[in-house]
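Visitor: I would like a close look at a single part of this structure, with its surroundings explained afterwards. Please start from one pair of side chains and work outward.

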Amino acid sequence: MTVLDFSKILGYSEPDFGYHGTWYTICWAGNTFPNVDFSISAFGGAEDQFPTFHGLDDLLDNCIIEGKSLREILPEIEM
């Protein structure tokens with residue numbers, strides 16, 4: 001998935017995505033798109049802990065999953 005495709009989806013929904021067998025959900029924690037605050041959590045008791053991210057670039061660059069940024073793994077995620 002490209003950053004553009006991902007940002008279009010985030011513009012109207014709070015998507016779930018999978019990466020290496022773990023599923024995550026992204027929620028709007030506040031404000032309005034594109035200046036929205038995002039929260040992310042893992043399903044099934046995964047031990048990743050995520051802060052609140054302030055805007056799309058912060059989410060893409062600072063959400064670290066298995067040692068990689070969300071931006072890096074975006075082409076590999078399942079939706």
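**A salt bridge and its surroundings**

Guide: The side chains of Asp57 and Arg71 form a salt bridge, with 3.0 Å from N to O. Asp57 belongs to helix α2 and Arg71 to helix α3, so this pair ties together parts that are 14 residues apart in sequence. The model is a predicted one, and every value given here is computed from it. Side chains of opposite charge can pair when their charged atoms come close.

Arg71 has another partner. Its side chain also meets that of Asp61 in a salt bridge, at 2.6 Å from N to O. Here too the two helices are involved: Arg71 lies in α3 and Asp61 in α2, so the pair ties together parts 10 residues apart in sequence. Through the shared partner, Asp57, Asp61 and Arg71 are joined into one network. The structure holds two salt bridges.

How buried or exposed are the members of this network? Arg71 has a relative accessibility of 29% and counts as partly exposed. Asp61 is also partly exposed, because its relative accessibility is 36%, and the partly exposed class runs between the limits of 20% and 50%.

Asp61 leads on to a residue of a strand. Ser69 sits in strand β6, which covers residues 68-69. If neighbours within four places in sequence are left aside, Ser69 is in contact with Leu60, Asp61, Cys63 and Ile64. Ser69 is buried, because its relative accessible area is 9%, and the limit for buried is under 20%.

Before β6 comes a loop. Glu66 is found in the loop between β5 (64-65) and β6. Its phi is near 55°, a positive value in a residue other than glycine. With a relative accessible area of 45%, Glu66 is partly exposed. A positive phi near 50° is also found at His20, again a residue other than glycine. His20 is placed in the loop between β1 and β2, and at 53% relative accessible area His20 is exposed.

The helices of the salt bridges also take part in the interior. The largest nonpolar core has 20 residues, and of these Phe6, Ile40, Leu59, Ile65 and Leu70 touch the most other members. At least two residues of this core come from each of α1 (3-10), β1 (16-19), β2 (22-30), β3 (37-42), α2 (56-62) and α3 (70-73). The most is given by α2, with three residues. Thus α2, which holds Asp57 and Asp61, also contributes to the core.

Ile40 shows what such a core residue touches. Apart from neighbours within four places in sequence, Ile40 is in contact with Phe17, Tyr24, Thr25, Ile26, Phe50, Phe53, Cys63 and Ile65. One of these, Cys63, is also among the contacts of Ser69.

Helix α1 can be read by its two sides. Its buried residues are Phe6, Ser7, Ile9 and Leu10. They cover an arc of only 160° around the axis, which puts them on the same side of α1. Leu4 and Lys8, on the other side of α1, are exposed. Leu10, with a relative accessible area of 0%, is one of the buried residues of this helix.

Leu10 also leads back to α2, which covers residues 56-62. The C-alpha atoms of Leu10 and Leu56 are separated by 8.8 Å, although the two residues are 46 apart along the chain. Leu56 has a further link of this kind with Asn35: the two are 21 residues apart in sequence and 7.5 Å apart in space, C-alpha to C-alpha. Asn35 has its place in the loop between β2 and β3. Asn35 counts as exposed, at 60% relative accessibility.

Last comes the chain as a whole. The protein chain has three helices and six strands, and along the sequence they follow the pattern α-β-β-β-β-α-β-β-α. Of its 79 residues, 38% are buried. Among contacts with a separation of 6 or more, 34% are between residues 24 or more positions apart. The chain exposes about 4,400 Å², and carbon and sulfur atoms supply 49% of that area. Within this chain, the part looked at here is the network of Asp57, Asp61 and Arg71.

Methods. Residues numbered from 1 in each chain as written. Predicted model: local features only at pLDDT ≥ 70, side-chain atom pairs only at ≥ 80, totals over all residues. Heavy atoms only, no water. Helix = DSSP H or I, 4+ residues; strand = E, 2+ residues; numbered from the N terminus. Buried < 20%, exposed > 50% of the residue type's maximum accessible area, 1.4 Å probe, protein only. Contact = heavy atoms within 4.5 Å. Core = buried A, V, L, I, M, F, W, Y, C linked by side-chain atoms within 4.5 Å. Areas by Shrake-Rupley, 256 points an atom, 1.4 Å probe, with all protein chains shown as cover. Arc of directions from axis to C-beta. Salt bridge = Lys/Arg side-chain N within 4 Å of Asp/Glu carboxyl O.
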